[in-house]
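Here is a friendly walk through one protein model, written for reading beside the structure. Have your viewer open and pick out the residues as they come up.

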Amino acid sequence: MDYSFLTVYYNYFISGTLVTLLISLITVVFGTILGVLLALMKRSEIKPFRWFANIYIEVFRGTPMLVQIMIGMGLLHNVFHLPTTTIGVLDIDFSRLVPGIIALSLNSGAYVAEIVRGGINAVDKGQFEASGSLGLRPTQTMRYVVLPQAMRNIIPPLGNEFITLIKDSSLLSTIGIYELMNSAQIVINSSFIALKPLYVAASIYLILTFSTSRLLKLWENKMSKGYQG
């Protein structure tokens, strides 16, 4: 198969990949922060906090991400009056990018909350009792005793969430954000080559997800050995 078009359009794929990674990294950071807060609220003894967390998680896990992105764009596009910047050969409109990242982060937070909750629940209840007997307050117990142990259970599925975000970032192409998927579409429109740019984009997604998966596996093995030691 002839992929000579890459000599002309390779910069679009490189720039799109950079934007995709940027979106995924920012989203996983904010999604993790939000997920931890929601998980703690779901375990809270304050009923309104529990109700809010439960409703939030059910809504965002129970509706399609694409719908959430479209709603977020409709609500937030006119709120953010931000400049356009250039990443490689792509012009990135932050007035579109920011609502897209917010929508992805809100969705990711709902899934991370369940990951964090599961990691906390996996910690032996004796740790809570022992911390209480030592005079630690519940917040101190969670911060210094439970969460450090829960991280061993949280990191592997959190890594899977990052891999999912790399792929789901392609949905932002629907609101005009020039990430990897939209870059492939630009190449299709410019070169009149129908499928090959999509094959290239799919290969890049596969490389990103496979590489991330392998790195996370190595990190998980390292953490397991350290814990056993």
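What follows covers a helix crossing, two pockets and three single residues.

Please keep in mind that this is a predicted model.

**Where two helices cross**

Let us begin with helix H1, which spans residues 6-42, and helix H6, which spans residues 138-168. Their axes come within 11 Å, and the crossing angle is roughly 140 degrees. As for its hand, the crossing of H1 and H6 is right-handed. On the H1 side, the contact is made by Thr20, Ser24, Leu25, Thr27, Val28, Thr32 and Leu40. H6 answers with Met142, Leu158, Phe162, Leu165 and Ile166. What kinds of residue meet in the contact of H1 with H6? Eight are nonpolar and four are polar, with no charged residue in the contact.

**Two pockets to look at**

Next come the pockets, set out here by volume and by the helix that gives the most to each lining.

| Pocket | Volume | Helix giving the most to the lining |
|---|---|---|
| Largest pocket | about 390 Å³ | H6, four residues |
| Second largest pocket | about 200 Å³ | H3, six residues |

To find the largest pocket, select Leu40, Arg43, Ser44, Glu45, Phe128, Gly132, Leu136, Arg137, Pro138, Thr139, Thr141 and Met142, which line it. The elements that give two or more residues to this lining are helix H5 (125-133) and H6. Sorted by class, the lining of the largest pocket has five nonpolar, four polar and three charged residues. Two names may look familiar: Leu40 and Met142 belong to this lining, and both also take part in the contact of H1 with H6.

The second largest pocket is lined by Val59, Phe60, Thr63, Val67, Gln68, Ile71, Gly72, Leu75, Leu76, Ile102, Ala103 and Leu106. Which helices supply at least two residues each to the lining of the second largest pocket? They are helix H2 (47-62), helix H3 (65-76) and helix H4 (94-121). The lining of the second largest pocket divides into nine nonpolar and three polar residues, and no charged residue is found there.

**Three residues up close**

Ser108 sits in helix H4. Is Ser108 buried or exposed? Ser108 counts as buried because its relative accessibility is 0%, and the cut-off for buried is under 20%. Setting aside residues up to four places away in sequence, Ser108 touches Thr27, Gly31, Glu161 and Leu165. Of these partners, Thr27 and Leu165 also appear in the contact of H1 with H6.

Phe13 belongs to helix H1. With a relative accessibility of 4%, Phe13 counts as buried. Leaving out neighbours within four places in sequence, Phe13 is in contact with Phe5, Leu6, Leu180, Ala184, Val187, Pro197, Val200, Ala201 and Ile204. How are Phe13 and Asn182 placed, along the chain and in space? They are 169 residues apart along the chain, and their C-alpha atoms are separated by 9.4 Å.

Ile14 is also placed in helix H1. At 46% relative accessibility, Ile14 counts as partly exposed, whereas Phe13 counts as buried. From Ile14 to Ile101 the separation is 87 residues in sequence and 20 Å in space, C-alpha to C-alpha.

Notes. Residues numbered from 1 in each chain as written. Predicted model: local features only at pLDDT ≥ 70, side-chain atom pairs only at ≥ 80, totals over all residues. Heavy atoms only, no water. Axes fitted to C-alpha atoms, helices over the stretch in contact; angles between N-to-C directions. Left-handed = near helix turned anticlockwise from the far one by under 90°. Contact = heavy atoms within 4.5 Å. Nonpolar A, V, L, I, M, F, W, Y, C, P; charged D, E, K, R; others polar. 1 Å grid on protein atoms, 1.4 Å probe; cavity = no way out; pocket = protein on both sides within 12 Å on 5 of 7 lines; lining within 4 Å. Points joined across faces, edges and corners; volume = space filled by probe spheres on them. Buried < 20%, exposed > 50% of the residue type's maximum accessible area, 1.4 Å probe, protein only.
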